[in-house]
Amino acid sequence: VLEDGSREPSPNTTPGLLSLYRTFQALESAGYTAVVMEVSSQGVAQHRIRGVPFTAAVWTNLSPEHFELHGDLDTYRNVKMSFFSGCARRPAGGGVPEFASVLNADDPSFPMFLSACSGTVRTFGLRAGAEVMAENIESGFDGNHFVLSTGGGRRPVSLALGGEFNV
């Protein structure tokens with residue numbers, strides 16, 4: 001979604017490689033210098049992001065899905081982990097910053113994802129030990145309220161969305 005609210009339609013979460021590069025070209029021509037996008041496991045497995053110079057990737061969770069393509073949870077996990085290890089091997093130069101991985105420290109697969117990463121790794125979660133944490137969570141009909149704790153301090157947050165998974 002662009003600043004003016006316009007959208008680039010796509011039948012997939014991660015568009016095909018040629019469509020993706022056309023979109024990047026149009027955004028660059030319009031003056032954009034950065035893109036945030038969701039990368040699906042199908043997009044990784046089907047090489048739809050080949051050559052895209054990611055500077056960071058966020059992994060939120062692993063749940064049993066996309067077995068129609070991957071077959072089982074282990075294969076699905078390995079495809080998702082390959083995105084992180086593959087991004088860290090991208091060509092260097094041109095002032096590209098070191099690749100950074102942002103990982104959910106609460107997920108049972110966290111140790112495996114951590115081992116797949118190189119470069120900077122940041123963590124978030126609800127349990128002690130994560131660099132960015134949600135504390136004192138209160139859920140109600142009006143959403144979630146919590147304290148966001150980071151190395152830089154603590155700040156109250158209110159979300160209109162309910163459920164701990166949204167925190």
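A helix here is a DSSP run of H or I with at least four residues, and helices are numbered from the N terminus. Please keep in mind that the model shown is predicted.

**View 1. Welcome to the whole chain, with its 5 helices and 6 strands.** Starting at the N terminus, the elements follow the order α-α-β-α-α-β-α-β-β-β-β. The protein chain has 167 residues, and 31% of them count as buried. Its accessible surface is about 10,700 Å², with 55% of that belonging to carbon and sulfur atoms. Among contacts between residues at least 6 apart in sequence, 41% join residues at least 24 apart.

**View 2. Helix α1 covers residues 17–29.** From first C-alpha to last, its 13 residues reach 18 Å, close to the 18 Å expected at 1.5 Å a residue. Look for L20, T23, F24 and L27, the buried residues of α1. They lie on the same side of α1 because they cover an arc of only 100° around the axis. The face turned away from this buried side carries the exposed residues L18, R22 and S29. Just after the helix you will meet G31, which takes a positive phi of about 100°.

**View 3. The largest nonpolar core brings together 22 residues.** The members that touch the most others are I49, F54, W59, F83, F84 and L103. Two or more residues each come from α1, β1 (56–59), α4 (73–88) and α5 (110–116). Helix α4 gives the largest share of this core, 6 residues. To explore further, start from F84: leaving aside neighbours within four places in sequence, its contacts include A57, V58, W59, F99, L103, F113 and A116.

**View 4. S101 sits in strand β2, residues 100–104.** S101 counts as buried because its relative accessibility is 0%, and the cut-off for buried is under 20%. Setting aside residues up to four places away in sequence, S101 touches A57, F84, C117, T120, V121 and R122.

**View 5. D74 and R77 meet through their side chains in a salt bridge of 2.8 Å, N to O.** A search of the whole structure finds 4 salt bridges, and this view and the next two each take up one of them. D74 and R77 are about one helical turn apart, because 3 residues separate them in helix α4. As a general point, an α-helix has 3.6 residues a turn, so residues three or four places apart point the same way. D74 counts as partly exposed at 48% relative accessibility, whereas R77 is buried, with a relative accessible area of 10%.

**View 6. D106 and R127 form a salt bridge of 3.3 Å, N to O, between their side chains.** This pair links distant parts of the chain, 21 residues apart. D106 belongs to the loop between β2 and α5, while R127 belongs to the loop between β3 (120–125) and β4. With 18% relative accessibility, D106 counts as buried.

**View 7. E135 and R154 join in a salt bridge of 2.2 Å, N to O.** Here too the pair links distant parts of the chain: E135 lies in strand β4 and R154 in strand β6 (residues 153–159), 19 residues apart. R154 counts as exposed, at 53% relative accessibility.

**View 8. G140 is found in strand β4, residues 132–140.** G140 has 37% relative accessibility and so counts as partly exposed. In sequence, G140 and G162 are 22 residues apart, yet in space they are 6.9 Å apart, C-alpha to C-alpha.

Note on methods:
Residues numbered from 1 in each chain as written. Predicted model: local features only at pLDDT ≥ 70, side-chain atom pairs only at ≥ 80, totals over all residues. Heavy atoms only, no water. Expected span 1.5 Å × (residues − 1). Buried < 20%, exposed > 50% of the residue type's maximum accessible area, 1.4 Å probe, protein only. Arc of directions from axis to C-beta. Contact = heavy atoms within 4.5 Å. Areas by Shrake-Rupley, 256 points an atom, 1.4 Å probe, with all protein chains shown as cover. Core = buried A, V, L, I, M, F, W, Y, C linked by side-chain atoms within 4.5 Å.
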